[in-house]
Amino acid sequence: MSNPHLTGEPLTGSPDDRRDLDRDLDALALLEADTTLDAAQPLLALVERYFAETRTGEGAVSTWHSAEVIADRIAEPLPRRSRPLADVARRLSSLLLQDINRLAHPMYIGHQVSAPLPAAVWTDALISALNQSQAVREMSPAFTPLEHQVIEWMTDLVGWDARAGGTMTSGGTEATLTALLAARSRAIPDVWSNGVGTSPPVLVCGEHAHYAVARAAGEMGLGLSRVVVIPSHGHRMSVPLLRERLTALRAAGTRVMAVVATAGCTATGAFDDLDAIADCCDAFADDRGPLWLHVDAAHGGGALLSARHRHRVKGLARACSVAWDPHKTMLLPLAAGMLLVREEHTLESAFAQQAPYLFTPADDARAWDMGPRSFQCSRRSDVLKVWVAFQRYGADALGALYDRLCGMARTLYERLEGHPHFRPLHEPESNILCFAWNPEVPHEDRDELTNRLRERYNRSGRGWITATTLDGRRVLRITVMNARTDVPHIEALVSGLEAEAQQVLRHHG
């Protein structure tokens, strides 16, 4: 049917119909008005200004306002009428941007969330504009083959052959769940029809494994009681204790679904001895072959790009599956995670659903659709960010950035050695370092004071760090996720903590 507003035909119908049509056309006009670069300029200018302001290393790193203060500031009824995009950008700037964590500020040395590569930041807008869905190739005709290509690059880095494959994920938690779903299908071939049964197999992991492992056990119906935790030695899974526990499980007739090792653990950045753990998986093989070895390299996968640190993931190629988050130490914007598997077909066994309206049999030798091997259906083409990062910077420069992040953690380690009040608790293996504050107060007061020091330092605007509990005590923790962070910023971190520590002790009763 022709549109009288566009063809010049006289309007017909009731007054209500004409008002509805006018409103629809007004809404369409708003969409069209926002499609130009000039229209986008107010929002793009916010990004450019953010980059410029954080480059100087000046200004507060985070906010001292509470969530209640911010919630009161932004409270308003649902907007019913449009406003100019420039006005929206101004409101965004005044209401919200003053209270963000400025990850691109060189004094943000906190959680494992990156100050992302600028080229990937701009690519995110293109991904959103194109809005291709990665479930099936017909919905993403160009980027589905691209995802296969990028996954091939990554599996080559691991050291696997053409049988390998994988999928992009939202992050390491989804990647680990998907890997363990594949391991579950191998251990319980009829699981999709009959469930896990009354005596499901166990998962084995180290005490510093990411909570994604325990979460997966709950989500898959195994239960937390089926997670066997191996104590650590030097913050790494103890291989002798792993061997002892596997021996005991075999003697008891308990099936092992998978062993989960960690390459770059969240707490300390430590790397498990992957070769030795793989030896255990080989030694306790059953009729299905070696035990399934999954490596959570969500954080430490970046070591594959580094000639200096690649030795830390020696033995990775012996794993059945690997989780890797390029949005961590490859410095990409959220979200860009991936799961890699040594045998691509094992991913397809992780999911056993039919959807003839979506998934169709392959018409050639290669199954291009990602949906049958991926947890998500609606999924952005985040692979494009990874491809652009490699194209713009190259693997060598990305490896150099990884080295730089690790080097800054090493700088802090060396700066704190011999410090009268702050003590590093481990030698950094990546870009993470935990360190203790040891004021001259009773030991039972130190945990509370450590929390107060961290809160006071972060609220001061000087910088931003995290804390964790390690070996039974509360400690301070940094993760260098910003390529701008340099030696002077590490020095400023130490001096800032020293100054705030004096104030904490002054008010300690």
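**Helix 16: buried and exposed faces**

In this predicted model, the buried residues of helix 16 are Ile-490, Leu-493, Val-494, Gly-496, Leu-497, Glu-500, Ala-501 and Val-504. Viewed down the helix axis, these buried residues fall within an arc of 165°, so they line one face of helix 16. The face turned away from this buried side carries Pro-488, Gln-502 and Arg-506, which are exposed.

The buried residues of helix 16 pack against three strands and two helices: strand 10 (422-424), strand 11 (432-437), strand 13 (473-479), helix 14 (383-416) and helix 15 (443-459). Helix 16 covers residues 487-506; at 1.5 Å a residue its 20 residues should span 28 Å, and the end C-alpha atoms are 29 Å apart, which agrees.

**The seven-stranded sheet**

An open sheet with mixed pairing is built from seven strands in the order 1-9-8-7-6-2-3. Strand 1 (165-169) and strand 3 (227-230) are the edge strands, each pairing on one side only. On average, neighbouring strands of this sheet are turned by 20° against each other, with direction ignored.

Within the sheet, strand 8 (residues 321-324) and strand 9 (residues 337-341) run antiparallel and are joined by four bridges. Ser-321 stands opposite Val-341 of strand 9.

**Helices on the sheet**

Helix 7 (residues 143-158) lies across strands 1, 8 and 9, and runs at about 115° to strand 1. Helix 8 (residues 172-187) also packs on the sheet, where it touches strand 1, strand 2 (202-206), strand 6 (256-262), strand 7 (293-296), strand 8 and strand 9. The direction of helix 8 makes about 150° with that of strand 6.

Definitions and conventions: Residues numbered from 1 in each chain as written. Predicted model: local features only at pLDDT ≥ 70, side-chain atom pairs only at ≥ 80, totals over all residues. Heavy atoms only, no water. Pairing = 2+ DSSP bridges. Axes fitted to C-alpha atoms, helices over the stretch in contact; angles between N-to-C directions. Contact = heavy atoms within 4.5 Å. Expected span 1.5 Å × (residues − 1). Buried < 20%, exposed > 50% of the residue type's maximum accessible area, 1.4 Å probe, protein only. Arc of directions from axis to C-beta.
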